[in-house]
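Visitor: I would like a close look at a single part of this structure, set against the chain that carries it. Please take your time over it.

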Number of protein chains: 2
Amino acid sequence: MIDPIQYSREHKQTNLAELTDFLRIPSVSTQPSHQEDVTTAAKWLIKQMSHCGLENVQLIETKGHPLVYGDWLHAGMDMPTVLIYGHYDVQPAEPLHLWESPPFEPTVRGDHLYARGAADDKGQLYVHIKAVQAFLQSVGKVPVNVKFIIEGEEESGGASLEAFIPKNRDLLSADVALVSDTAIVSRDQPAIVYGLRGMLYTYLDINGPGRDLHSGSFGGGINNPLNVLGHIIAKLRDEEGHILIPGFYDKVRPLSGTEREILAQFPLNEERWLAESGAPQTWGEPAYSLVERLGARPTLDVHGIIGGYTGAGGKTVLPSKAHAKISMRLVPDQDPKEIARLYRAYIKKITPPSIKVEVTIRDGAPASITDLNIPAMKAASSAYFEIFGQKPVFMREGGSIPVVGQFQRDLGLETVLMGFGLPDDKIHAPNERFYLPNYYRGIETSISFLQAYANLTID
Amino acid sequence: MIDPIQYSREHKQTNLAELTDFLRIPSVSTQPSHQEDVTTAAKWLIKQMSHCGLENVQLIETKGHPLVYGDWLHAGMDMPTVLIYGHYDVQPAEPLHLWESPPFEPTVRGDHLYARGAADDKGQLYVHIKAVQAFLQSVGKVPVNVKFIIEGEEESGGASLEAFIPKNRDLLSADVALVSDTAIVSRDQPAIVYGLRGMLYTYLDINGPGRDLHSGSFGGGINNPLNVLGHIIAKLRDEEGHILIPGFYDKVRPLSGTEREILAQFPLNEERWLAESGAPQTWGEPAYSLVERLGARPTLDVHGIIGGYTGAGGKTVLPSKAHAKISMRLVPDQDPKEIARLYRAYIKKITPPSIKVEVTIRDGAPASITDLNIPAMKAASSAYFEIFGQKPVFMREGGSIPVVGQFQRDLGLETVLMGFGLPDDKIHAPNERFYLPNYYRGIETSISFLQAYANLTID
């Protein structure tokens, strides 16, 4: 009898061929022309998961794109259950002319597999299906219980899964969640994301005069929505990045000395990072390191403004209205609902009576943080070390994966974010790719994780 | 022998018919499809001016639309010369579907003549040609010397006349300029504009990162051009309208007690004015009255901003760039060039090193102010009183007529702004109109002015 890792090594070709099939399906969830393709991808997964030995495999209809579920629960009642999450939908591939090979004709060049969804998230998701298969086909059992919940709307808001979770707590009950939808530091340096920022996304609509006025005839006597917007923006965040909304920091969990030490070990190449941004210099709260500012501190950014005359040349208009999109990235333990209330009250307070400002809260999601000392985190760490030959670094990711916060809130689950992507995978961009050696190492790491997690439970 | 006023009264029908002919020519200077029409309007003027008895009537070719010149210089060397300015081009008529009668089919409804250009400026300009004609056809001479300079680019920047003036100082030399391109208070309440604000129009281009970044991955570590733009705007003008550029007010001529008394007499119906703006309330520097703020105080307004993601829904972009259009209205004795230098230096000072800001000065024009005690102002006042039966009020207009500042600078001329338009003429909008009784009274007022000016000179 061979062991699961050996099994997976002997099936590299099949594993690549199957991923290639998966990537060939243009499951773009946001584009109506690809509606059927999204369902095709879900059905393809159902077939593969059943074939791999997963049970109760089912397509769950929703108001949007279907969810895919499957499990294998024969590890024993005393063994923990891992809920594995991923998404089978992909970002739009446009602009198509920038792709060196067509986005839905997966192509291997060098060590990379190029296709839309290669890294985000089909490749990373499929890793775990292949790991479970390796166990079932080699030793006939998985050392822990596993459940898969896979959605088709991650790139389009995730509303169906969001609605599904609180109504299906039993189906999804587990001891820990496992998600591979992040990047590691470099080819050989694994990383575990243990914190994600939350989010509060808002719109401001600033209304002044009833119509666009002539700035010569009315300037000085009627307030200007764009000037007021400037003042509002300046009052939301100071020039060093400190947010000025009263009470905003009240619930921010302070960074412990231990955590600052952990983050200080994160090997961020500041020079390369800055070069990638194309900005003249880095910036932010002076009391925090760049790594801390990016992952462990809340931020407030204006994403877009439009108002008044924006065509070529000049026009002396005193504009009637302006629109701005502003979001805040939140950290533990900020509550998006509470921050929304503070934000709304503050905007109201700083808006002069000569202008009307309408605040829209588009959506919010809490930040999440995983305890580094839980067995699953230790198992993930040891698995990475075994397969990559390097201990993982721990990081807090600046972006948001709302489902992780929801797992914590609705299912009481901590999540292990075990990424296999790389920073230069070009996700959401043309020529998305997956570094194939890490696809194979990902399968082995997943195998090693499931085994280590079982062992730590028995110990 | 009849007198000129009697002559003009006997020729009302002809005077209306000719203006109607003039208005039928769609001389839209900004629209390429109307290039020939603009020239047709110039040639039509040439014919009429010659017919009225003006001399040296000529079409002056320029890089843009032609200028029209004509004079009558036989009043005697001891008599003053009046340079009469107007423009024969008109604003675009769009949106056409909002016109109750076609914009270039002049239509009389009630007391109004409806057509594009009726008030701005064909009707107001033609008043003076008809006044000169009334003198020449009745008493055979005009009591003062007159020169007409009429441009076809007022609605499209006025570059040709601007270039022409400094090269033709002799041709245009005069004792005073007379311009009818403004509005009076109401049908029976004439007004003389004795001050116009100047203008400095600028663009700001704010550049941060080299491309749009993900606000989750970069937020907190890279400065945001839109947040910085907010701070810049807030630092340019405080919330009460006071401009914060160091040195900005150094050259502002203080309002004298006399002038504040004059402006206090201006019958602004604040309630109606506010209703017209559609704003929730008036606003501005608390130390000045609304009339003062609108005409005699400098302002700074943001006319347009565009940057980042401005489509439907939200996008978590940390934008690469932003663009803003900002202008200042200037008052005597602010020098646009000096203000441009102060502005540029201040923007540089308040721009953080994490962002690049490019300042473009599009153009500038000085404010102008006419001494209320010069003979031509007294003549204008007495002419209004004679014809309208009401003394004119004096006002400072918030808008800018750059040529007036240029007359002052390049020709040393004070300008009498003798308007016959009304605030509800809908200039630049659909259903532009001219209140016909004031067309006829305008001709009589011009006659009375030329006579009174001559009399005051002889006295």
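Guide: What follows goes from the chain as a whole to the strand that holds A:Ile192, and then to other places in the two chains.

The model is a predicted one, and what is said here should be read with that in mind. Chain A is built from 15 helices and 18 strands. Its radius of gyration is 24 Å, close to the 23 Å that the globule rule gives for 459 residues, so chain A is as compact as a globular protein of that length. Along its principal axes, the C-alpha trace of chain A spans about 90 × 50 × 45 Å. Of the 459 residues in chain A, 60% count as buried, and the accessible surface of the chain comes to about 17,400 Å², with 51% of that area belonging to carbon and sulfur atoms. Among the contacts in chain A with a separation of 6 or more, 79% are accounted for by residues 24 or more positions apart. As for charge, chain A carries 43 positive and 55 negative side chains, and the centres of these two sets lie 6 Å apart.

Against that background, the part to look at closely is strand β8 of chain A, which covers residues 191–196 and includes A:Ile192. With a relative accessibility of 0%, A:Ile192 counts as buried. Leaving aside residues up to four places away in sequence, A:Ile192 touches A:Met377, A:Ala380, A:Ser381, A:Tyr384, A:Pro392, A:Val393, A:Phe394, A:Met395 and A:Leu417. A separation in the other sense is found between A:Ile192 and A:Gly220, which are 28 residues apart in sequence and 56 Å apart in space, taken from C-alpha to C-alpha.

A:Gly220 leads on to chain B, since it appears among the residues touched by B:Thr299. B:Thr299 is placed in strand β11 of chain B, residues 299–308, and it is buried, with a relative accessible area of 5%. From chain A, B:Thr299 touches A:Gly219 and A:Gly220, and from chain B it touches B:Arg197, B:Ile243, B:Arg293, B:Ser327, B:Met328 and B:Arg329, again not counting residues up to four places away in sequence.

The relation between the chains can be stated in geometric terms. A rotation of 180°, with 0.0 Å of shift along its axis, superposes chain A on chain B with an RMSD of 0.1 Å. That is the relation of a two-fold axis. The same surface serves both copies, in that 100% of the contact residues of chain A recur in chain B. Of the residues of chain A, A:Gly230 comes closest to the rotation axis, its C-alpha lying at 1.9 Å.

Helix α4 deserves a careful look in both chains. In chain A, the peptide bond from A:Asp120 to A:Asp121 is cis, with omega near 5°, and A:Asp121 is found in helix α4, residues 118–138. In chain B, a cis peptide bond likewise joins B:Asp120 and B:Asp121, with omega about 5°, and B:Asp121 has its place in helix α4 of that chain, residues 118–138. The helix in chain B is mostly covered, as 20 of its 21 residues are buried, and just after it B:Gly140 takes a positive phi of about 80°.

Positive phi values also occur in residues of chain A other than glycine, including two asparagines. A:Asn56, in strand β1 (residues 55–60), has phi near 50° and is partly exposed, with a relative accessible area of 47%. A:Asn431 has a phi of about 60° and is found in the loop between β17 (415–418) and β18 (433–435); with a relative accessible area of 11%, A:Asn431 is buried.

One last pair concerns A:Pro95, which is placed in the loop between β3 (81–87) and β4 (107–109) of chain A and counts as partly exposed at 33% relative accessibility. A:Pro95 and A:Ala429 are 334 residues apart in sequence, and their C-alpha atoms are 8.3 Å apart in space.

Notes. Residues numbered from 1 in each chain as written. Chains lettered and ligands numbered in written order. Predicted model: local features only at pLDDT ≥ 70, side-chain atom pairs only at ≥ 80, totals over all residues. Heavy atoms only, no water. Helix = DSSP H or I, 4+ residues; strand = E, 2+ residues; numbered from the N terminus. Rg over C-alpha atoms; globule rule 2.2 N^0.38 Å. Buried < 20%, exposed > 50% of the residue type's maximum accessible area, 1.4 Å probe, protein only. Contact = heavy atoms within 4.5 Å. Areas by Shrake-Rupley, 256 points an atom, 1.4 Å probe, with all protein chains shown as cover. Lys, Arg positive; Asp, Glu negative; His and termini not counted. Charge placed at Lys NZ, Arg CZ, Asp CG, Glu CD. Least-squares fit on C-alpha atoms with pLDDT ≥ 70 in both.
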